[in-house]
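Ready for a little practice in reading a fold? Have the viewer open and try each task before you look at its solution.

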Amino acid sequence: MGSNYNLKYVLHSLFSDSDGTNQKLKRFLENKYNGKAILTYKGREALILALKILNLPKESQIAINGFTCFAVYKAVEQAGLTPICLDLDEKNTDLNFSPETLEKALKENSNIKAVIVQNTLGYPADIEKISKTCSEKNIILIEDLAHCVGAKYRDGKETGSPRFAGEAGSVGDFVALSFSQDKVIDAVSGGALIIKNKQYNNLAIQQFSNINIYQKLKDRLYPLLTYKIRFLYDSGLGKPFHFLLKKFNLLSKPMQEGLYDFYSLPEWYCNLTLREFNNLTKQLNHRKEIAKIYAKNLNKKILQERIINMIDLSSNLRFPIFVENRNSLIKFLKKSKIFISDIWYDDVAKDCPNAVNISHKILNLPAHINVSRQDALKIAERINAWLKSH
Ligand SMILES: Cc1ncc(COP(=O)(O)O)c(C=O)c1O
């Protein structure tokens, strides 16, 4: 909550507002992702819009990661289609489904017409094989960049098709972006759909509604309020302050019902989004450095090798560790005033046993700008101490 904000961000968010940023952001995204951009108030709206534009028969099914956010699942349903969850591999070496799992699902189920790849927590999926399968079987590929703006599919130095050496967002027929709270690009809220497949470029898009003024006010105050909560936490005042804000519904919530309709994105959010893109390289370098500190210093038995090997490619939205008895670790860390409880997904597809298994063990360590090198070292040291006593 409020992980990406510093004082500069807070001041900017309170007082900034400039005309024309809406068009500026659109042009920026169209350039960056090479397609037609449509701005939305939430990332989930971009996913729904992509699926609606496809105009698929009612019985169509959409393959998604079994280890995903409820918003993705719900977006497919909201588009009037059926989500099919693809499980992680049994050996749990990846947070994305494998190309083999996708191929098997496509063989068994001819109703699957599109697939959403999300590069969970910023760690890239095997897009080269997935994309090849999609082309061969005429399946629409949607890249969901909610976690992975700035992630790379492959080290540019490697040989192979140059198409895959690029950033996430360079491969799909559609790209969905989220600029919501605690994402890599954090503008409190926002999203965009990029239509990259020219076949769908010229469709008329309906007029979107305006988000209500109360929601806009809550969003504008969100950076300030969450910054204050964080600032006050060590003194013990942060917790009651947070409690009161929640009680009186003054904090903008990421998972509200009713945010699955189409809303336009006001200038204020566009302004913050552009600012975040401007700072992206610096932010990604910081995230990488913090992830490497965790990888180097944490006991290897709670790490996944594939994730460590991907740090250089990843946007490192979070750094996941895998522990039995996670609650005991969360409690232990609290004693050292380390408040980490991010597990991201606790309501994953029940028909995906490997995803369910991971969802019980995963704990996501922060890599955002407010975590310093010293913080990361302390977090690693405390986790190792907990492991020794267990
Ligand atoms: C993988 C993924 N895609 C899409 C979304 C939806 O983004 P938004 O909250 O902007 O609707 C989320 C939500 O966190 C997510 O985790």
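The exercises below use a predicted model, and each task is followed by a worked solution.

**Exercise 1. The sheet**

Work out the order of the strands in the sheet, and find which strands stand at the edges.

*Solution.* Start by walking across the sheet: its 7 strands come in the order β1-β7-β6-β5-β4-β2-β3. The sheet is open, and its pairing is mixed. Next, look at the two ends of that order. β1 (36-40) and β3 (82-86) each have a single partner strand, so one side of each has no neighbour in the sheet. To finish, follow the twist, which averages 20 degrees from one strand to the next.

**Exercise 2. Pairing at the β3 edge**

Find the sense in which β2 and β3 pair, and the residue in β3 that partners glutamine 61.

*Solution.* Take β2, residues 61-65, and compare its direction with that of β3: the two pair in the parallel sense, over 5 bridges. Then pick out glutamine 61, whose bridge partner in β3 is threonine 82.

**Exercise 3. A strand with neighbours on both sides**

Decide how well covered β5 (140-144) is, and trace its links to β4 and β6.

*Solution.* Begin with burial. The cut-off is 20 or more other C-beta atoms within 10 Å, and 5 of the 5 residues in β5 are buried. Now sort the side chains by direction. In a regular strand, side chains alternate between the two faces of the sheet. Here Ile140, Ile142 and Asp144 point one way, while Leu141 and Glu143 point the other way.

Turn to the partners. β4 (112-117) pairs with β5 in the parallel sense over 4 bridges, and valine 117 stands opposite glutamate 143. The chain travels from β4 to β5 by way of helix α6 (residues 127-137), in a right-handed β-α-β crossover. With β6 (174-178), β5 also runs parallel, joined by 3 bridges. In that strand, glutamate 143 has valine 175 as its bridge partner.

**Exercise 4. The ligand shell and α3**

Which residues come nearest to the ligand, and which elements give two or more residues to its shell?

*Solution.* The shell holds 15 residues, and Gly43, Arg44, Cys69, Ala146 and Ser178 come nearest. Two or more residues come from each of α3 (43-54) and α4 (70-78). Sorted by class, the shell has 5 nonpolar, 7 polar and 3 charged residues. Now place α3 against the sheet: the helix lies across β1, β2, β4, β5, β6 and β7, and runs at about 160 degrees to β6.

**Exercise 5. Two positive phi values**

Compare the settings of aspartate 182 and lysine 337: where does each lie, and is each buried, partly exposed or exposed?

*Solution.* First, the background: most residues other than glycine have a negative phi. Aspartate 182 has a phi near 65 degrees, and lysine 337 one near 60 degrees. Then locate them. Aspartate 182 sits in the loop between β6 and β7, whereas lysine 337 is in the loop between α12 (326-335) and α13 (353-361). Last, count neighbours within 10 Å. Aspartate 182 has 19 other C-beta atoms in that range and is therefore partly exposed. Lysine 337 has 10, so this residue counts as exposed.

**Exercise 6. A histidine after α14**

Is histidine 390 buried or exposed, and how far is histidine 390 from histidine 368?

*Solution.* Find histidine 390 in the segment after α14 (373-388). Histidine 390 has 11 other C-beta atoms within 10 Å, so the residue is exposed. Histidine 368 is 22 residues away in sequence and 29 Å away in space, C-alpha to C-alpha.

Key:
Residues numbered from 1 in each chain as written. Predicted model: local features only at pLDDT ≥ 70, side-chain atom pairs only at ≥ 80, totals over all residues. Near = placed C-beta within 6 Å. Nonpolar A, V, L, I, M, F, W, Y, C, P; charged D, E, K, R; others polar. Pairing = 2+ DSSP bridges. Axes fitted to C-alpha atoms, helices over the stretch in contact; angles between N-to-C directions. Contact = placed C-beta atoms within 7 Å. Buried ≥ 20, exposed ≤ 12 C-beta atoms within 10 Å, placed from the backbone. Right-handed = clockwise from strand over helix to strand, strands pointing away.
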